[in-house]
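Please take me through this structure in the viewer, telling me what to select at each stop and what I will find there.

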Amino acid sequence: GIKLHICLLFLLVWVSAGFSQGKLKIYILAGEENMIGSGTITPTSDHITKNGGMGSLDYMVQNDTNNTYSHLVTSGVNYKVLDDVWIYYNRYGNSEVKGDLTAGYGFHPSNIGPELQFGHAMGEFHNEQILIIKTAWVNQSLGVDFYPPSSGDPSGYSATPTIDGDSGFYFMETVRMVRDVIANLGTHFPNYNGNGYEIAGFGWNHGWTDSNDAGKVAEYQTNMRNFILDMRDSLGVD
């Protein structure tokens, strides 16, 4: 069975390898704090005292004898800014951060999340402009917060989720944010060329929140299946 205390990360690719040329490729990265990202870029004094800075991004880059992380920097610890990979993230739901991808799109500007390496990998893979839309919040369960509409009833939610705590509120917030960004691409990213877009994939990075409730654990597989199908339907992905 699924051990919910282990971070779950997978990518659901919705578009075939035969991408049409010129369209903006959109990837959605959703989940809870694991997706937000608490990886430290520059170690604090306390961090250095305890372990010499090991585990920080700076440490990994500065001690990279195999050039594993050299693609992240221009020189030293000057982190690359990727103009072919944009990111949009509404941090805490009230602080909109967006622009060319670089280090600093985690919990705070001093943190990174999965978006950094993911963006570099997709930037290498595609020949078109990429946009990452990150929708993630702290301590959100699949059994309540991201609850998919069809898990409650094939016809959808019995009551429209309107506030934090309502079943499905953050499922609908993800849909709303993605739709809003897509509807205002030129406003958010002035260099957008207007050639259209494709939703190319969806990344889900979830943690242990559902494991506090045996009922949610038992329903996780069904809810995850419904989440995938309902999200595809909500975003108009065949």
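## A tour of the aromatic rings

Across this predicted model, the count of aromatic pairs, taken as rings whose centres lie within 6.5 Å, comes to 11.

Begin by selecting Tyr27 and Phe118, whose ring centres are 5.3 Å apart and whose planes meet at 80°, so this pair is edge-to-face. The two residues come from distant parts of the chain, since Tyr27 belongs to strand S2 (residues 24-31) and Phe118 to helix H4 (residues 115-125), with these positions 91 residues apart. Tyr27 and Phe118 are both buried.

Next, select Trp137 and Phe146, an aromatic pair of the tilted kind, with 6.0 Å from centre to centre and 50° between the planes. Trp137 counts as buried because its relative accessibility is 8%, and Phe146, at 0%, counts as buried too.

Keep those two selected and add Phe169, Tyr170, Phe171, Phe202, Trp204 and Phe227: ring pairs link these residues, together with Trp137 and Phe146, into a cluster.

From Phe202, turn to the strands, where Ile28 stands opposite Phe202 in S10. If you now show S2 and S10 as a whole, you will see that they pair in the parallel sense, over eight bridges. Strand S10 (residues 197-206) has nine of its 10 residues buried, so the rest of the structure largely encloses this strand.

For a last stop, select Tyr89 and Lys134, and look for a charge placed over a ring: Lys134 lies over the face of Tyr89, 4.6 Å from the ring centre.

Terms used
Residues numbered from 1 in each chain as written. Predicted model: local features only at pLDDT ≥ 70, side-chain atom pairs only at ≥ 80, totals over all residues. Heavy atoms only, no water. Phe/Tyr/Trp six-rings, centres within 6.5 Å; stacked < 30°, edge-to-face > 60°. Helix = DSSP H or I, 4+ residues; strand = E, 2+ residues; numbered from the N terminus. Buried < 20%, exposed > 50% of the residue type's maximum accessible area, 1.4 Å probe, protein only. Lys NZ or Arg CZ within 6 Å of the ring centre and 35° of its normal. Pairing = 2+ DSSP bridges.
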